[in-house]
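Colleague: I am new to reading models like this one. Could we go through some of its contacts together?

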Amino acid sequence: MASSSERIFQGNGVSAGIGIGQALKLGNRNRMILKIHIDNVEEEIRRYRRALEASKQQLAALKSQLKDRLGREHSVILDAHILMLEDRALSDDVIRRICDSHANAEWALEQERDRLVSAYESLEDDYFRERHSDIEDVVERILLNLSGDRPISWESMPEDIILVARDFNPSSFFTLDLGKVRGLVLESGGRNSHTAIISRGLRLPAVMGVRGIMGSIVTGDLLLLNGDDGQVIVNPSQARIESYQLRMETYGPGSDASVATSENKTVTKDGKPVSLRANTELPHELRVAKRCGAEGIGMFRSEFLYFRHRQGCPDVEEQLAVYSSMAKEMSPYAVAIRTLDAGSEQITDGPDLAGQINPSMGLRGIRLSFHIKDAFRMQIEAILRASYEGKMEIILPMISTVEEIWQAKEIVDQVREDVVRKTGSELNPVPIGVMIEVPSAVLALEIIAREVDFLCVGTNDLIQYTLAVDRGNPYVAYLYQPLHPSVLHCLYRIAEVAARLNKPARICGEISSNPFFAILLLGMGFNQLSMNPLSIPTIRRVLSEVSMHDARKIAEGVLQLATSQQICEYLTDAVSRLVKMDLSSYAKEIAVPNGQLEIRSRPR
């Protein structure tokens, strides 16, 4: 039975936001691993290697999914886990222990884990010291595969839960049903841990380093989690809940304030409408999007349908079932499907597609769709036919030339004619848009915009390609600066051309989920912002406190500045003067990263 007295625990807030829900304690799998004598050492080594290979395959699949969900900068976190599994030194030491001691693989693996964890924990650097959790995560996955245990299933979990555990494996994030999870509380970890980094990417409130919490609560206790100040309140009083109500309405997607109604349309302080839409990639996320007040799906990443097929691609009927259910669910709003935007190495096998030296600039996006035209035609047919159930839109990714648009539109027209001929009935109009995410598209925007119905801006790739920086490369990651003047001038040009040609322009990158960026984008002229659905209530609240006049003034000021640092300081100060909400956690997100460029002003 859940306890009833109110208690306050202090930890470290690592991901901003407020969450309230029932505690769900996750066991840390404190296994009692015994040393067992093994006669057939060779068979035990083969058993260990099978578990190792299964772990590699699982992490590779999760990395692809995480990349498309949160972007490459988060998916590379799993590279560290994969590299550990591929490390011959680790594997050889485990096998040596099996051979020398005639011991079971579990015992040998645990011994090696303890040695490595002890070495990491002895380091002085906070970042590297926290990497010991990566070792524990990798070992836990191998142990799961050795034992045949299955990871937790979320299907039968109740609504509104807060996960409480000693630690949490970063690779488990993709299995979360974010419609049910309100926050994460851990006894271990810190702001630099991979789990904390992904929590921030998911906008999942999280508090770590809460000592003794596991032994002080039971599953079912009511928890109030404050990811801003690091407090976890067990069984909060009604008075305390009410005192947090305003902030819960701002951050909590499960609260009544975030349920979509006709009264909570997004408007600026002076009454200008703004359309906030959701970026999603899993069908169950639509329920969360609706509760958060999304005015449609601004971009549905369709890759998850393909990742479910180890070989080949999903057929028309499978895709149609998904798209049709989405169209019904979001009606009367539109659902925009981004056509396949994955690298060839993730979708199809073959020597002609494998081994690309630079996949991000290789066969991906629309280029891959033209290479596998049958799969592209099937996806287009499914989207067109789903328009019988509601409003659908097509987004073409990685467009760099107008010829690509012509070729894609020709295929769409051919598929439309085939469907009409087979069914004998006309299809509803399906607007076609393109992702503006490479510099060539920005420079040739007038030509491109005239050929499509709307524009979508993929800010993550646009920043990377404009600045020629790999977000996942630690040596140059500090150069990945969303507030870089060249990036902002690209965005301003897109907004200006779109307005001049009367083409809707939508920001689909996650920068729009940051209040500072949202106001800046509004001032530039963007009135369609698509983001993680959990961010919509916060952005709606922020934009309601700002007038279009003030937003335009901020944008004008920003575009006059010369460096990312100057822009960050100006934007932080200007927005903080207008918005009552505490935006300190969001200010940290836009801060210019530390790197080798420390000059703040022009030398005299």
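Colleague: Which residue forms a salt bridge with arginine 97?

Modeller: This is a predicted model, where local features need pLDDT of at least 70, side-chain atom pairs count only at pLDDT 80 or more, and totals for chains, interfaces and linings use all residues. Residues are numbered from 1 along each chain as its sequence is written, and side-chain values use heavy atoms, without hydrogens and water. A salt bridge needs a side-chain nitrogen of Lys or Arg within 4 Å of a carboxyl oxygen of Asp or Glu. Here the closest N and O atoms are 3.2 Å apart, and the partner of arginine 97 is glutamate 112.

Colleague: Are arginine 97 and glutamate 112 buried or exposed?

Modeller: Buried means under 20% relative accessible area, exposed over 50%, partly exposed in between (1.4 Å probe, protein chains only). By that rule, arginine 97 and glutamate 112 are both buried.

Colleague: Why does the pair of aspartate 461 and arginine 364 tie together parts that are apart in sequence?

Modeller: The two form a salt bridge, with the closest N and O atoms 3.2 Å apart. Aspartate 461 lies in helix H20 (helices are DSSP runs of H or I, at least four residues, and strands are runs of E, at least two, numbered from the N terminus). Arginine 364 sits in the loop between helix H14 and helix H15, so the parts tied together are 97 residues apart in sequence.

Colleague: Which residues do salt bridges that share partners join into one network?

Modeller: Aspartate 341 also forms a salt bridge, with arginine 338. Shared partners join the network of Glu303, Arg338, Asp341, Arg364 and Asp461.
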